[in-house]
Amino acid sequence: MAVEVPMPRLSDTMEQGTVARWVKQEGDQVVAGDVIAEIDTDKATMDLTAYEDGVLLKILVGEGESAELGTPIALIGAEGEEVPETAARGNGPSQAAPREAEAPEERGPEESPPEPARSEPPIPQGAAATAGEVKASPIARRIAADAGLDLRELAGKGSGPDGRIVKVDVERALGKEGEPGRAAAEPAIAERAASPGPPPSGDEEVVDATPMLRAVARRMSESKATVPHFYLDAEIDMGRALELREELNQALADGDDKISVNDLVVRAAALALIENPKFHRSWHDGKLVLHKSAHIGIAVAVDDGLIVPVLRSVEQKSVRELARESSDLVERARAGKLKQPEIEGGTFSVSNLGMFGIPSFSAVVNPPEPGILAVGAAVRRAVVIGDAVQIRPIMAVTLSVDHRATSGAEGARLLASIKRLLEQPVLLLA
Amino acid sequence: MARAAGRAHDVLQDGEQALGLLRMMLLVRRFEERAEEQYTRARIGGYCHLAIGEEAANVGSIDCLEADDYLFVSYRDHAAALAVGSSPAAIMAELFGKETGVAGGYGGSMHLLDVDRRFLGGWGIVGGHLPIAVGAALAIDYQDALGAVLCQFGDGATNIGAFHEALNLAAVWHLPIVFQVINNLYGMGTSVEQASAEPELHKRACAYRMHGERVDGNDVLAVREATGRLLARAREESEPALLETTTYRFRGHSVADAGKVYRTADEVAAWRERDPIARYVAVLRDRDLLADEELDRLRTEVADEVSDAIREAAAAPTPDPGELYENVYGGEDWREQFARMNTAAPFGEREETRSWLR
Amino acid sequence: MAEVTYREALRRALDEELERDERVFLMGEEIGRFEGSYKVTAGLWAKYGPKRVRETPISEEGFVGAGIGAAMLGLRPVVEIMTINFILVAQDMVVNHAAKIRNMFGGKVGVPMVIRTPGGAGAQLTAQHSQSLEVWFAHTPGLKVVAPSNPRDAYGLLKTAIRDDDPVLFVENLVLYNVTGSIPEPEEDFTLPLGRAHVAREGADLTIVAHSYTVRRALSVADRLARSGFEAEVIDLRSLRPLDVDTVVESVRKTNRVLIAEEGWATFGVGAELAARVGRACFDDLDAPPERVGGAEVPMPYSKPLELAALMLEDKLEAAARSLLAECGLVEAG
């Protein structure tokens with residue numbers, strides 16, 4: 001008796017989802033725990049896991065098509081089982097229309113924010129983090145974990161029963177072909193994805209990338225490949241902002257709170273986003289998600305990596321609260337102690353390389369956010385004010401924008417708001 | 001009361017020995033009464049089988065043992081332990097489960113022993129010690145040694161396979177062993193008539209062409225005479241014998257049995273009239289070997305001795321659970337032999353270390 | 001070195017120990033004039049006489065008990081039970097008495113005794129004469145149990161068992177009696193310690209654990225596996241109590257795969273014990289759960305095809321090994 005696979009509820013606010021990609025095709029063997037599809041939700045693209053063993057008999061909702069929660073999107077059953085002609089399609093507003101040209105064609109298992117292995121709240125080291133999804137023998141897991149190999153790359157393709165990953169699979173993936181003295185006969189195994197690459201030369205060393213770097217690489221590639229970026233530059237006179245900051249910090253000198261420049265920038269961005277709703281929205285396959293609250297991700301460089309914790313509802317928080325929260329998030333980000341919700345759900349990001357003395361740069365949008373503000377160092381320069389030349393601290397910012405979500409004009413308006421707020425910083429306290 | 005070689009068979013010739021026999025019976029009686037009392041105070045746990053009423057059958061025969069002889073008895077063994085001369089305090093301590101007990105607290109009431117005095121237990125399986133007693137006789141024979149083995153057991157043990165096998169082996173191999181059936185007419189709640197096709201138990205010996213004999217088990221002198229004679233025969237001729245000593249227990253099978261369901265009050269009363277201690281006292285008085293003051297003095301003496309034993313046992317320490325494994329094996333390298341069986345817990349119970357976490 | 005049968009190795013060990021220690025003596029049915037039903041004691045009665053080679057009536061409970069009593073007095077009896085099936089009538093003596101005496105008497109007296117007995121099946125001896133009951137005794141604290149698989153081990157372990165101060169069940173095997181091997185010369189006074197397993201064959205692909213005759217079957221299967229390109233490591237336990245768990249664990253940490261094979265019934269058997277211990281000690285090292293294989297869980301039937309179906313033969317062992325390898329993605333190519 002074939003079992004229906006319903007559109008699953010993969011986030012608390014999800015009401016419908018879109019099949020981004022079928023990982024298993026009709027006729028494929030499925031084992032409970034296998035990832036069979038990727039589903040775009042209101043927040044991100046999530047894995048759909050099978051709960052049954054069997055064969056994927058029929059796909060009911062194709063790639064690019066949407067369905068409401070609970071609607072059957074596929075059937076799993078026994079090999080050769082007859083499938084009813086009119087499998088229930090439910091009442092989801094399915095979209096048979098081809099996806100936007102910019103829609104991702106090839107996406108890896110994706111999570112919402114640009115952080116490493118989704119299910120592991122503290123920044124994980126090993127692929128053992130996804131233990132629940134991937135069937136592998138204990139020794140295979142251990143070897144993979146020690147080597148930093150993500151078992152999901154081999155998931156379901158192992159040589160053990162029902163595609164379980166076993167020791168030989170992991171050894172082959174890591175390039176350890178047998179041990180000395182082993183007999184000649186080569187055991188047959190499932191194929192593995194070839195990883196071509198030039199053999200290292202004498203003055204090079206090859207190491208395995210950590211899961212975090214792998215995740216960042218994946219996210220950045222996707223973003224650049226799928227999000228149509230455009231860039232807007234602005235220069236902001238930070239004189240009064242720096243004075244305000246100075247004044248604030250002196251007044252707060254007794255306590256632990258310390259306001260940073262970035263705190264002011266983040267608050268400015270939040271207020272600007274609320275002022276500019278036509279910017280503050282995300283693209284979702286023909287739909288626009290209008291953000292009511294500004295959740296701002298702050299890019300934090302950690303030891304050989306990048307992570308973006310999210311400050312929530314920034315427009316409702318005072319500068320002091322922001323300072324406290326961001327300080328805590330940064331500290332915990334560097335210690336690898338962030339929790340899952342803290343790296344999800346951003347509606348905009350700020351990346352600040354000012355502390356490295358970089359005058360200006362442009363950043364890569366974190367989909368599904370509409371934009372990211374790259375902040376440079378405030379540099380003392382000669383500027384013309386009125387008819388006089390003054391020396392002012394000038395900070396260059398670059399706004400990268402997802403052209404699907406919004407237009408150049410909106411981006412310009414947002415930047416103008418940010419500039420205004422920072423150049424009249426008392427407004428940040430309003 | 002230590003055993004000495006060359007003791008006169010007619011104990012009445014020696015006033016001191018005669019009184020010594022009485023004193024031992026009084027000691028057993030008093031010890032058993034107090035043991036019963038201590039059991040009700042929960043200082044003694046598990047099983048507790050009392051020999052009240054059987055003093056003559058127990059003590060009379062053990063009194064004949066000589067320095068090279070060995071003794072094996074069943075679980076109703078407090079009398080045996082006392083009769084061979086073990087300290088009452090050490091016996092009581094074993095009943096209390098204390099470290100100073102004769103078996104270190106590891107055996108309890110049923111497994112008393114005194115290796116130095118060649119009293120090799122104290123056995124819990126009905127009839128189980130009979131083949132083992134035969135083995136001791138075999139060892140004596142093997143070593144061309146002088147001794148003999150006295151093996152006591154109850155009427156209940158005469159119907160189990162081990163009885164038959166032991167008697168057969170003792171006879172066919174001509175071993176120096178005296179099998180003494182202490183027939184108190186009941187095996188737990190089952191009478192001998194009910195359980196045995198041949199209730200005259202000494203007659204069973206003929207199946208093995210073994211000498212069989214019966215005496216009044218409540219006549220300590222008769223028991224002593226018969227046992228002494230048969231042990232001498234065993235030592236000298238290396239021939240076994242079966243001696244039936246009929247007696248009666250005034251209490252139930254154990255402290256947990258009132259002994260009333262399967263016996264009538266009249267029967268018990270009738271046997272009390274033939275109390276072995278009273279009978280021996282009468283004999284001694286008759287021969288002017290016992291004055292009343294002497295009897296009272298002896299009673300008081302043994303009462304104090306038992307009280308002291310209880311006090312000493314109560315104050316003794318309990319065995320250390322940390323030594324739980326120390327006596328399972330005895331070879332000097334047993335620890336090394338077992339070293340690779342389990343890295344944490346020695347004998348396979350729950351591993352304390354999480355050795356699989358690496 | 002002398003090349004002898006397993007039977008002869010045992011005989012030599014008995015002879016040498018009888019010679020060495022006058023406390024040692026033998027007891028059993030037909031061990032004297034008849035020279036032993038399996039001829040293990042051939043010539044010993046003639047050499048040492050009836051006192052030291054004592055024939056018994058059919059009275060296992062009686063003469064095992066007698067052995068216990070003699071041992072308590074300091075002698076060193078070696079009691080033969082014709083086949084392990086008959087030990088059951090003496091079970092009370094072995095388990096309730098021999099195993100318990102030292103402990104229940106507070107360590108004050110021991111039982112330095114050996115019970116030798118062959119187990120195993122294969123000659124259509126049917127249900128009551130074809131058992132392998134050694135695990136019943138390996139289960140029991142106070143006993144030691146050994147089961148040598150070859151003449152050299154039989155020789156060395158029997159000498160150690162006789163010199164051991166505790167009751168030792170020495171498990172032989174009917175089929176093994178005729179197997180040959182070399183044993184050291186008497187002058188070497190060769191003994192083997194209890195509780196030490198032996199790696200009979202090294203390999204990296206899986207560990208096969210066995211004892212007694214099954215070791216030979218395992219080695220034969222290892223050769224078959226080698227022709228397929230899989231190298232099995234074969235561990236000969238030699239001793240069931242004490243059990244050398246460490247040697248098995250070391251091997252499984254290397255091969256990541258373990259199959260425990262025994263002639264007896266697997267349920268509640270040696271494999272059950274080792275699977276539990278290996279499962280714990282090698283939790284993160286396993287490529288598949290521990291596997292075990294034993295004889296069919298039926299009373300051994302008489303008719304030859306039925307018996308063959310019930311025995312734990314090489315084919316069954318090989319199938320279990322290959323199944324385990326397949327679970328780990330190792331299947332012969334082609």
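**Figure 1. A salt bridge links chain B to chain C.** The side chains of B:Asp141 and C:Arg54 meet in a salt bridge, with 3.5 Å from N to O. This view, like those that follow, comes from a predicted model. Across the interface of chain C and chain B, the rule finds three salt bridges. Polar contacts add to the picture: 25 residue pairs make them across this interface, both partners at pLDDT 80 or more. On the side of chain C that touches chain B, the elements that give two or more residues include strand 2 (24-28), strand 3 (53-55) and helix 3 (60-72). Helix 4 (91-98), helix 5 (101-104), helix 9 (245-255) and helix 10 (270-281) of chain C are also among them. Helix 3 gives the most, with 10 residues. By residue type, this side of chain C divides into 24 nonpolar, 14 polar and 25 charged.

**Figure 2. The contact surface of chain C and chain B.** Chain C brings 63 residues to the contact, and chain B brings 57 residues. Between them, the two chains bury about 4,900 Å². Carbon and sulfur atoms account for 58% of that area. Three residues stand out on chain C: C:Leu73, C:Phe105 and C:Arg280. They supply 14% of the area that chain C buries against chain B, more than any other three residues.

**Figure 3. C:Ala70, a buried residue in helix 3 of chain C.** C:Ala70 sits in helix 3. Its relative accessible area is 0%, so C:Ala70 counts as buried. Which residues does C:Ala70 touch, not counting residues up to four places away in sequence? From chain B they are B:Gly135, B:Ala136 and B:Ala139. From chain C they are C:Phe25 and C:Leu75. C:Phe25 is 45 residues from C:Ala70 along the chain, yet their C-alpha atoms are separated by 10.0 Å.

**Figure 4. C:Thr247, a helix 9 residue that touches chain B.** C:Thr247 belongs to helix 9 of chain C. C:Thr247 is buried because its relative accessible area, 9%, is under 20%. Beyond four places in sequence, C:Thr247 touches B:Arg340 across the chain boundary. Within chain C, C:Thr247 touches C:Ala197, C:Val199 and C:Ile235.

**Figure 5. Backbone details in chain C.** The peptide bond from C:Arg241 to C:Pro242 is cis, with omega near 0°. C:Pro242 lies in the loop between strand 12 (239-241) and helix 9. C:Glu30 has a phi near 65°, a positive value in a residue other than glycine. C:Glu30 is in the loop between strand 2 and helix 2 (44-48). With a relative accessible area of 37%, C:Glu30 is partly exposed. The chain around these sites has 12 helices and 14 strands. Of the 334 residues in chain C, 66% are buried. Among contacts between residues at least 6 apart in sequence, 81% join residues at least 24 apart.

**Figure 6. B:Leu221 and its contacts within chain B.** B:Leu221 is found in helix 8 (residues 220-237) of chain B. Leaving aside neighbours within four places in sequence, B:Leu221 is in contact with B:Val11, B:Leu12 and B:Leu21, as well as B:Tyr280 and B:Val283. B:Tyr280 is 59 residues from B:Leu221 in sequence, but 8.1 Å away in space, C-alpha to C-alpha.

**Figure 7. A positive phi and a low-confidence stretch in chain B.** Phi of B:Leu185 is near 75°, positive although the residue is not glycine. B:Leu185 lies in the loop between strand 4 (177-183) and strand 5 (186-187). Its relative accessible area is 26%, so B:Leu185 is partly exposed. The mean pLDDT of chain B is 91, and 93% of its residues reach 70 or more. Over residues 348-354, pLDDT stays under 50. The model has 12 contacts beyond four places in sequence for this stretch.

**Figure 8. A:Ser400 in strand 18 of chain A.** A:Ser400 is part of strand 18 (residues 388-402). Buried or exposed? A:Ser400 is buried, with a relative accessible area of 0%. A polar atom of its side chain lies 2.7 Å from the backbone oxygen of A:Ala363. Residues that A:Ser400 touches beyond four places in sequence include A:His229, A:Phe230, A:Tyr231, A:Pro370 and A:Ile372.

**Figure 9. A cis peptide bond in chain A.** A cis peptide bond joins A:Pro367 and A:Pro368, with omega about 10°. A:Pro368 is in the loop between strand 16 (348-352) and strand 17 (371-385). Chain A has seven helices and 18 strands. Of its 430 residues, 50% are buried.

Conventions:
Residues are numbered from 1 along each chain as its sequence is written. Chains are lettered from A and ligands numbered from 1 in the order in which they are written. Side-chain values use heavy atoms; hydrogens and water are left out. Contact means heavy atoms within 4.5 Å. Buried area is the accessible area (1.4 Å probe) that two parts lose on being put together, summed over both. A salt bridge is a side-chain nitrogen of Lys or Arg within 4 Å of a carboxyl oxygen of Asp or Glu. A polar contact is a pair of N or O atoms within 3.5 Å; within protein, one must be able to donate a hydrogen and the other to accept it, and residues adjacent in sequence count only if both atoms are side-chain atoms. Helices (H or I, at least four residues) and strands (E, at least two) are DSSP runs, numbered from the N terminus. Ala, Val, Leu, Ile, Met, Phe, Trp, Tyr, Cys and Pro count as nonpolar, Asp, Glu, Lys and Arg as charged, and the others, Gly among them, as polar. Buried means under 20% relative accessible area, exposed over 50%, partly exposed in between (1.4 Å probe, protein chains only). pLDDT is the predictor's confidence in each residue, from 0 to 100.
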